[in-house]
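Work through these exercises with the structure open beside you. Try each task before you read its solution.

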Amino acid sequence: MAILEVDNINVYYGNIRALHGITFNVEEGKIITLIGANGAGKTTTLNSISGILAPRQGTVKVFGQDVRQIMPHLLVPKGVIQVPEGRRIFSRLTVDENMAMGAFTQLDKATNAKNRDRVLQMFPRLRERLNQIAGTLSGGEQQMLAIGRALMSNPKILLLDEPSMGLAPILVDQVFESIQDINKAGVTILLVEQNAYVALQIAHYGYVLESGQIVLEGDAKTLITNEDIRKAYLG
Amino acid sequence: MKPSFFLKSLAAVSIVAVGALASSAAWAVKVGPVEDPIRVVKIAKGAPIVIATYHVISGADTALGLDAQRGAVVAADDLGNKLVGHPIKFMHEDDGCNAEGGQTAATKIAANQQVVVAIGGACSSATRPAAPILWKAGIPDVATAASSPVLTAPDRGPSYDGLLRIVYNDLWAGREVANWAYKVRGYKRAATIHDGSPYAEKLVRVFQENFKKLGGEIVSDEAIAPNDTDMRPVLTKIATSKPDFIYAPTFVGATSYLIRQKKEIPGLEKVALIGSDASMGAQLMEAAGKDLLGFEISTTAMEPEAQGPGYTAMREKYKKMFGEYPIQGFHGNGYDAMMLAANAIKKVAITEKDGTTYIPIKALRDAMFATKNMQGVTGKITCDQYGDCGVYNFAIYQYTNPDPKTLEPGKNPKRIYPDKF
Amino acid sequence: MSFEIVASSFQHKDIEQEQFRRTLKCGAIGGGTVVALCVFGLINQFMERWIIENTLSLAHATFIGITLTVGALICIRSPKLSSAARIFQGFLVGVVSGAFLSILILIMATFDVRHMFVSLSPKLLAFLSYGFDPYTACLVTILAGGVLAMAGALIRESPTWLRKPLIVGLATAFFIGLFAELLQLAMQYESVEPIRDYMFTWEGQTLTGFITMFVLGFAISLFWVTRGKAVMMNHRAKSSGSQRSIRYFLYAIAVVLLLLFPMAAGSFFGQVLMLVGLYVLMGMGLNLEVGLAGLLDLGFVAFFATGAYAIALLTADNEHLILLLDRPLTWWEALPLAMFASLLMGLAFGIPVLKVRGDYLAVATMGLGEIIRVVVLSDMASPLLGGSQGLLHIPRPWIGNFELSDPIHLFYLTLISSMIAAYFAWALENSRLGRAWMAIREDEDVGQALGINLVNVKLLAYALGAWFAGLAGAIFAAMLGSIFPHSFQLLISINILALIIVGGIGSLPGVVVGALMLIGTPELLREFGEYRFLAYGFVLIVMMRVRPLGLWPSAVRKREMQSAEEAEALLRAQSGQKA
Amino acid sequence: MNLERLKQVTYVDVTLWLMRAAVILLVIAGTIGSVIKDRYTTEQWVSMVMFGLTIGGIYALIALGYTMVYGILRLINFAHGDIFMTGAFTAYFVAAPLAKSGFLDEYLIVGMVLISLVAMTVCSCIALIVERICYRPFRSVRSLAPLICAIGASFFLQHAFRGMYGSSVRAYPDVRWFDVVVTILGFNFPRIQFVVVIAALASMYALYLIVHKTKMGTAMRAVSEDRDAAALMGIDVNKVIIFTFVLGGSTAGIGGVLYAFVFKQVYFFMGFFPGIKAFSAAVLGGIGNVPGAMLGGFFLGVVESLGPALFLDGLGIVAPYQLRDLIAFTMLVMVLIFRPQGILGERLARQRA
Amino acid sequence: MTIGQTLLKTNALTKRFGGLVAIDALDLDVKERSIHSIIGPNGAGKTTVFNCIMNFFPIEGGEIRLSEERIDNMTPDRVAYRGVGRTYQNIRLFKNMSSIENILVGMHMHLKSRWWGAVLRSRHSRADEKKASEEASRLLQYVGLRGKGDVLARNLPYGDQRKLEIARALAMKPKLLMLDEPTAGMNPSESLEMVGFIRGLRDDLGITILLIEHHMPVVMGMSDIVTVLDHGTKISEGPPDHVKRDKKVIEAYLGQSGVGHMT
């Protein structure tokens, strides 16, 4: 079942058209990836879904409901949360406070505690640093915190924007392993990545974006073996 | 045409023109049946007689100017809003209490040749550039609270010929306080505080000069910023110099802070604080509260018998018209300025049968300067040749009750000097 | 903007309920404004001012104007309704507005609130109730509100050819009435006396004058609405060359009129224009700092004061005369020295704050400006600077045997100076230095890494800006003949900054427009002195809301903004707000 | 090596060093001068410090509003000083009848709470209106518009209140209990001074708890750091900003009431200078930093109170108290030049990419 | 190509932020006419090295020399005068100025006209201006932005912005050009083009290039020397082939998966 439907959206920045009729669906329980170069429109697509950008045409439906009728901050309690590009953790807050912010819309204390345990279990490094100021964490730990923070909201759909950015390849592997684990726990994931190779390795299905358009789509397995892709994105 | 010829003819024309202008200036102006060396204002039947005022009515010093302006309005009301058969129309301008504001306001007033007389300048800095502009346009000016000596100094020059003022000269006030303090009270050590306003600073300087001349000592010469609220440090400093009394001719705000905070300063409990009439009135009583008891001000006598009997009635009328009791001490001056002008106008105005009124300005100016023993609400007003019409019957008053409702000059504040006039 | 879609889709609720809320809101806006005007005491003042003598006061006109506006407003706000429904809704809005005022009348009639709200005087009550008893007055107010707002709606709903002339006619007559006094001042010539007497009395505009003006405005507007298009088409059809020559011709006429106006209109207008000119001059200076180099400066008044004080010290014949001179200088001799002194003051400001950026810079310069003011006023400096007693006896400039004594003469001096300043600004903008300024405004670090010496470039901005302020100060001192520290308040700095922003930052014509708007207009409304700053504040807010780029934005800024729309959209999007 | 460094020294550095040296020298010379003159007794010094703390506490309360708004919007709320005025001025109309009826003397705490509540409500409402009109429309556009708009709001507020309540000074009532002089360690102080300092500290502690221990407070800090990321976490940014303005308004309201009870009078222009001073205090402590505002407020209050006596008097400057603002502004400028991050500054020095 | 003597040299360069050591005693030796790359994981201190050389902030220890002259205590504009130009990771053009104006700002230090010259419109300053704008046009053409001189920088496409930024740096006529991730956000074919372009800079103009890059193919393809940083310390240095095989590099940076698609 498609829990996220993006139907022919067009987004403009002023008069510049950033997206040209993007259409795709996300099936429940899957990892879907959008790959493409910088400026291809990946983040714009993601922002349109999370409601902070409003497409001029087209619709985005989450669980069958039009996103445009929901204020962006009300999307989070509906189960959609975005981990923004560049992590964007609150570096002057402690790790614990960061996680509390992720659970901002989650009013139930018991659920909160459960989620917190789950996240700390998944990222034991964070448990050691609960009271540390988040800005002092290393890059990898920050990415874990960013994902952990998002998980605190108990999402059904997790929108990940470039989780590999700025991480040493060795850390990228770790982060992507965690993403797979989260997915296995039942969270649907929409993954936006420049690093096509790693993204396609864990994804079920992939779309390739170029200049605001989807130019190619297919099973991750097929895409990874696609000659064009290999040449264009894998070098 | 040869240029030389052109130039010559141009020169000739200019000479004729200039000559004509000059002679026209020298000749008297004749309008209707009235002739006057300066100008004549003609007021058609039913047309209003225009009185201009300029005061500070915006910004931090608003209360000062607004009070004087309202005084003039009350006076007009007392006149039935009519003068020599014409309705009074005010033209209120704002001078912002600064020189350029005074100049702009005066220029605007001067541009209106219907204006008979101007009332204002509550600030000396605004009045100084304003008065010459007004007089150049043939408008006499009665200042309401501008007390700087330079305005009526003998060397003030012909451009100030049209300026009078219904407020005392700082020179007198400072001198009298010094005399009284030294001779009557026997104070030898004086501390002074001013707030950086031209008024207070000048008063303090004059006082210091006279006090020293008499043999007294200025043990502390302090100043505060006009917006200061915390006077305790400066009072503490004054306390260390052990003065016999403190002379602080500051405005209501600062004075009430001084009064309230003085009692908290060890060593000053018994030291007298003496203000000026800048801090006279209900406003201060309300602001200073019960600490006001015993506070003394040096001012011109204010009892009905010393000044106009009409003061109390005027005050009530003020409250009725503006919703609050007088907000400063200069409403009486505004009132009297208006009355002085009105009296002079009555004297010189010539109304024809058709209802047209003519007011010769030179005559008006002279009539104003010739005012003698006019009963105003600030006292009996007599003008000298330099335009000083302010009444200054030096007196010292002491507040005996902090309730603004009990304000009744003579009783509260009670006159303690001189015993009788 | 794409957000409107989002916002409008929210209003999916019951349309009727929505409409009801809208009516209430519009009514509340109108009623609230009227009540506020009463409470603030403006109506008390407006009562005294006749638009039509003894018939229609400014207070009436304000009430009528506001009610008409809300009536029209509700029509604009409810595009979905039928015309009749809109007009009825106009009536309702008027009733709501009237109800607000009625409540005020009842309160005033029942309680004595004057000890708190000093402006709610019996006179105001009498004015508001038209001599009726309070309850009747309320009824009348409500009904009158309804009818007037309905009239507003009607005007809004009427066809364009009728509506525009109607509005223009009313506005013309209103403004002529509002400025009756000033217009009379400008009409003090024998030749125009008949017109003057026909139009005005000293109380205000005559009824015949009002009607004449209305008809005149109506007719001209009608002509424009019906025929104007043809005229414009005709104009457009001409070659661009002839269009340009027409434009230049119009410019030339405007310039000539500007030059002649103060002479014709008399010294008050001369004085006002003179002040505007001074602010333009200072605005040009500050524009170099803020507009080009991006150095926010709230202490600009200090440079102005330096110029004025330097002139006073060098030329005035009194005990404060600088000791090195054996005679006072003439104004012209002192001018370069005064400007140099300001320039030095600019450097003295600039050096300490070189590393301070943005808002902090504004605050730091404000602090420096205040330091100067406090020092000038203090007893400490009074032996030299005269303290609060100021410096007196400053001579006016002479040209040959001609004394520049009248404001109008000085206005021309200011005008010439402003033109020089404008030329400077224009020439520098397109030079190596101007580019460097713009570069550091955009990105200081990058500019420095490209070899721009920040110290020199910034100091030049301060120094040149201060230079012009010093010139303005010198003229100011000559204009007044005496200067006092109270003329150099923080307010001046705020005024200058506000005027260049309201005019359009970085734009030279903007400086002029801003000065006319913020300095000229308040001077014309001097008799509302008590409320001048209320209006000033209001205008600042409205200006920034309606035209955040200023009245006459510079071409560069406009270009920026057009292309920056996308950036703005992006930013707004990212801040996560929809409504 | 040192020589090479010296070669790079410019006239700017020299000027700055001279400035710094001059200020320090003047301060030291003045202090020595004062000590030698020995004009003041210990008791006088102590009471001056206490005055300073009193006014400083009020500065601090106002400064909190500046600092919080700056923290979250990166904008200076120029109208905040006038917001402070609105509350104190309006509360007068509650305080005066309460005092007249004897209620205030009888039930001091209830009365004070009532008065403070009125002031807080009014200040918060006005703060919200200012936010709605002057800040929200420009929230994401980097321009000078909000600055000018806020300056406009400041003028508007002053003169609207002048028109409404009149231009006269209104006197706050005397409260018997406040005026009692108490003796501590042999020094005498009026009770009101303690009340102000304690009330200021208590309000600030409460505020600290709100900002650091509640979810809304944490959200405030989160929004102040990264508004977009906060929005993505489901935080309603609008609500947080409104909350901030309400908090700032409330502290200003408390500050206004305390100010009114210390100085006993209110009028329409009263907000302007305390506003500027409080803003200086906020900068002094490190703007955007709540404890910094506190510290800056007290510091400024004390220096202002002691300064003229300690530095200027010793130098033999005439009428030093007139120059009190000079000290405040000099301090502000020096801090901005030499330590722009303020006394407390950023706790975490982190380079932003 | 001929690689010359040392142009830029850092000795035990150390930079701390608070308690965090961003660069720890780094020795760097950039030879004249070489292409020298710095690679390393994010947060390794690569951009910090650039900022230190440019002297955007004071360093805590060590020294930086350009052609034997100490530059570590100079203001950035003086460093620029000595011939160091740079670009930025996140493009920092003067976005509200046109392309040509951007380049003219880059020429700032080579222009001689003074403000009074501009005001008086002296012949000299007019000639200077004219020459400068001609040269700017030439530069635009060189980087492939011909005819886009009047376009505001913010309106240029991403790739063009990168080019304009390089053009602006070239306008300074630098001896050493520091490029911070010049191919970030480019697709492989664009990257390839950029490689050729950078090579051209070195070969045709004789400019020494110091480069930060993430794209391994780019780095390995054109560098003469590669320096690998991790946590502010140099863990490896040498020709690309050498670095690629360095165990330490693989462990710290490339990771197992990285090795796979590095070539």
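**Exercise 1. The interface of chains C and D**

How much area is buried between chain D and chain C, and what percentage of it do carbon and sulfur atoms give?

Solution. Keep in mind that this is a predicted model.

Step 1. Take the area. About 5300 Å² is buried between chain D and chain C. Carbon and sulfur atoms give 75% of that.

Step 2. Look at the polar side. Five residue pairs are in polar contact across this interface, both partners being at pLDDT 80 or more. The number of salt bridges across the interface is zero.

Step 3. Find the elements of chain D that take part. Helices that each supply at least two residues to the side touching chain C include α2 (11-37), α6 (108-135) and α7 (145-165) of chain D. The most comes from α7(D), with 15 residues.

Step 4. Count the residues. Chain D brings 60 residues to the contact, and chain C brings 60 residues.

Step 5. Put the pair in context. Eight pairs of chains are in contact, and chains C and D share the most contacts among them. Chain A and chain B, in contrast, do not touch: their nearest C-alpha atoms are 39 Å apart.

**Exercise 2. A residue with neighbours in three chains**

Is Arg170(D) buried or exposed? Which residues does Arg170(D) contact, leaving aside neighbours within four places in sequence?

Solution.

Step 1. Locate the residue. Arg170(D) sits in strand β1 (residues 170-171) of chain D.

Step 2. Apply the cut-off. Buried means under 20% relative accessible area. Arg170(D) has 8%, so Arg170(D) is buried.

Step 3. List the contacts by chain. From chain B comes Glu286(B). From chain C come His115(C), Met116(C) and Val118(C). Contacts in chain D include Phe89(D), Tyr92(D), Phe93(D) and Lys264(D).

Step 4. Add the polar partner. A polar atom of the Arg170(D) side chain lies 2.9 Å from the backbone oxygen of Tyr165(D).

**Exercise 3. A serine in a strand**

Which side chain makes a polar contact with the side chain of Ser276(B)?

Solution.

Step 1. Place the serine. Ser276(B) belongs to strand β13 (residues 272-276) of chain B.

Step 2. Check its cover. Its relative accessible area is 1%, so Ser276(B) is buried.

Step 3. Name the partner. The side chain of Tyr199(B) is in polar contact with that of Ser276(B), at 2.9 Å.

Step 4. Widen the view. Beyond four places in sequence, Ser276(B) also touches residues including Leu203(B), Ala248(B) and Ile297(B).

Step 5. Compare sequence with space. Ser276(B) and Gly174(B) are 102 residues apart in sequence, yet their C-alpha atoms are 9.7 Å apart.

**Exercise 4. Three salt bridges**

Where do the partners of the salt bridges of Asp366(B), Asp445(C) and Asp224(E) lie?

Solution.

Step 1. Start in one helix. Asp366(B) and Lys362(B) form a salt bridge at 2.9 Å, N to O. Both lie in helix α12 (residues 361-369) of chain B, four residues apart, which is about one turn of the helix. Asp366(B) is partly exposed at 31%, and Lys362(B) is partly exposed at 29%.

Step 2. Cross between chains. Asp445(C) pairs with Arg92(E), with the closest N and O atoms 3.5 Å apart. This pair runs from helix α20 (residues 444-449) of chain C to the loop between β6 (84-86) and α3 (99-106) of chain E.

Step 3. Link distant parts of a chain. Asp224(E) and Arg202(E) meet at 2.8 Å, N to O. Asp224(E) is in the loop between α8 (216-222) and β9 (225-230), and Arg202(E) is in helix α7 (residues 188-205), 22 residues apart. Asp224(E) is buried at 17%, and Arg202(E) is buried at 2%.

Step 4. Take the total. Over all chains the count is 53 salt bridges.

**Exercise 5. A patch on chain C**

Which residues form a nonpolar patch on the surface with about 430 Å² of accessible area together?

Solution.

Step 1. Name the members. They are Val255(C), Val256(C), Leu259(C), Leu260(C) and Met263(C).

Step 2. Place one of them. Val255(C) is in helix α12 (residues 240-265) of chain C.

Step 3. Check exposure. Val255(C) has a relative accessible area of 47%, so Val255(C) is partly exposed.

Step 4. Set this against the chain. Of the 579 residues of chain C, 57% count as buried.

Key:
Residues numbered from 1 in each chain as written. Chains lettered and ligands numbered in written order. Predicted model: local features only at pLDDT ≥ 70, side-chain atom pairs only at ≥ 80, totals over all residues. Heavy atoms only, no water. Patch = residues over 30% accessible without salt bridge, like charges linked within 9 Å, V, L, I, M, F, W, Y side chains within 5 Å. Areas by Shrake-Rupley, 256 points an atom, 1.4 Å probe, with all protein chains shown as cover. Salt bridge = Lys/Arg side-chain N within 4 Å of Asp/Glu carboxyl O. Buried < 20%, exposed > 50% of the residue type's maximum accessible area, 1.4 Å probe, protein only. Contact = heavy atoms within 4.5 Å. Buried area = accessible area lost by both parts, 1.4 Å probe. Polar contact = N/O pair within 3.5 Å; in protein donor to acceptor, adjacent residues only side chain to side chain.
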